[in-house]
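The report below is meant for a reader who is new to this structure. Please look over the sequence and the model before reading on.

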Amino acid sequence: RRCPGELLGGGGNMAAGPGELALLRASPGAPCCPHGPALLFVRTSQGKEEGRRFYACSACRDRKDCNFFQWEDEKVSQTRLAAREEYNRSHQAPCTHRQNVERYKNFVLLPLSKRRFCQECQQLLLPAEWEEHSSHQFLYDISTAQLRSPSQLLYPLENKKTNAQYLFADRSCQFLLDLIISLGFRRVLSVGTPRLHELIQSKASQEENLRLRSLLLDIDFRYSQFYTEDEFCHYNMFNHYFFGGEAAHETCRKFLRQDKDESVIMVTDPPFGGLVEALASSFKKLMAMWKDTEKGGNKNQEMPMFWIFPYFFESRILEFFPSFSMMDYQVDYDNHALYKHGKTGRRQSPVRIFTNLPPSVIVLPAEEGYRFCAICQRYVSAGNHHCEICNSCTSKDGRRWKHCALCKKCVKPSWFHCNKCNCCALKNHTCEKTDVGCFVCGKTGHKRSTCPSLSHT
């Protein structure tokens with residue numbers, strides 16, 4: 001028998017079988033797995049809860065990656081609790097962050113000929129450890145430049161259900177850095193953006209006049225080999241969990257303390273399969289940390305933020321952050337087969353920047369065809385033309401969209417109005433109109449995947 005936990009996790013497609021799985025607010029005493037406090041879920045049907053509530057891993061969708069599962073009302077024996085704690089400890093990294101910092105100090109003192117990196121263990125090796133890894137593949141002569149670019153030294157974690165660690169292409173990374181500098185920010189909270197973090201670190205060390213600092217929050221503990229405790233915190237963005245405890249939490253809080261001329265912006269690039277509700281909850285807690293800092297306590301302001309995510313999540317993001325708007329800039333990735341800019345990929349990247357900054361200040365590169373729409377007061381892509389009926393530049397994917405008088409909105413150029421469905425869709429689509437309403441709430445006019453009841457549960 002499969003437990004409900006097999007159907008969910010940090011990712012978004014949690015539906016399987018009848019009903020949907022909804023994320024609930026967990027109590028402070030939630031049980032923990034190796035990825036920190038678990039999240040509380042319940043199955044819903046027709047907008048109502050069905051069955052028992054249960055806890056499951058916050059970060060993993062596949063039980064092969066983390067098989068944690070517990071009913072909310074289940075009484076767990078002391079023996080099982082002790083075994084769970086031992087299991088959690090055994091699945092943590094063999095070295096602490098502080099130990100990795102000390103190892104790094106010893107590593108950089110070695111001559112180039114003795115600097116080795118184990119590709120199988122993804123670990124910097126000191127000479128005394130060579131024999132232990134003798135059967136593994138090494139990288140030799142690790143240079144200072146390589147140490148400053150660990151995202152290119154480490155293998156990306158590409159398990160789409162758990163990590164989905166896709167890394168910014170140089171074009172997008174440099175654009176983000178230039179934009180941040182032009183907007184006058186001096187501190188960047190880099191949440192799941194290791195390549196942007198290392199670019200900031202590298203530029204700051206090379207240019208004395210560049211007053212820019214970055215703190216990386218990431219679930220990939222391998223980065224602790226390359227950064228100090230003031231530069232990196234082991235962090236799970238699905239449950240706002242600092243693996244380093246109160247010390248790491250305080251490191252983040254101090255970084256967010258906004259001094260004069262030291263304004264902070266948060267840049268985050270979550271896994272695209274990530275549950276938006278869980279991510280939004282964590283980001284709001286980071287924003288609250290910023291508000292609680294000594295000089296960032298204006299209750300009427302939000303911490304400036306760039307949330308990088310596919311455009312088809314726009315309605316979900318705006319549901320949790322109504323002050324956000326989506327920019328037309330296409331973010332691309334080095335190690336993703338599809339999400340590349342322009343004609344180099346199999347299709348244009350759907351990844352965009354969502355921000356609470358005024359759209360008019362986000363200047364997009366004219367050399368890539370972006371231009372300023374004086375009516376919308378924002379920069380748009382070359383194919384995004386202003387619709388006089390909608391009074392907006394309506395395209396989401398970079399192509400010129402067309403207005404449908406029957407739908408009373410602009411739609412993709414490949415869509416046509418279907419009288420049976422009473423909406424626009426692909427020409428050869430399968431009509432889905434029936435007398436049955438949404439499976440979750442029973443109402444008509446939307447599918448269960450977009451049911452408003454899911455987010456309000």
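## The open sheet

In what order do the eight strands of the open sheet lie? The order is β13-β12-β11-β10-β14-β15-β19-β16, and the pairing is mixed; strands here are DSSP runs of E with at least two residues, helices are runs of H or I with at least four, both numbered from the N terminus, and two strands pair if DSSP finds at least two bridges between them. The edge strands, each pairing on one side only, are β13 (241-242) and β16 (325-326).

Strands β10 (residues 187-191) and β14 (residues 264-268) run parallel and are joined by five bridges, and Val188 has Ile265 as its bridge partner in β14.

## Basis of the model

This is a predicted model, in which local features need pLDDT of at least 70 and side-chain atom pairs count only at pLDDT 80 or more, while totals for chains, interfaces and linings use all residues. Residues are numbered from 1 along each chain as its sequence is written, and side-chain values use heavy atoms, with hydrogens and water left out.

## The nonpolar core

The largest nonpolar core (buried Ala, Val, Leu, Ile, Met, Phe, Trp, Tyr and Cys residues joined through side-chain atoms within 4.5 Å; buried means under 20% relative accessible area, with a 1.4 Å probe and protein chains only) has 89 residues. Helix α8 (residues 276-292) gives the most to this core, with nine residues. Domain 1 (19-91) and domain 3 (170-292 + 299-382), whose bounds come from an automatic or database domain assignment, both give residues to this core, so it lies between them.

Technical notes: Buried means under 20% relative accessible area, exposed over 50%, partly exposed in between (1.4 Å probe, protein chains only).
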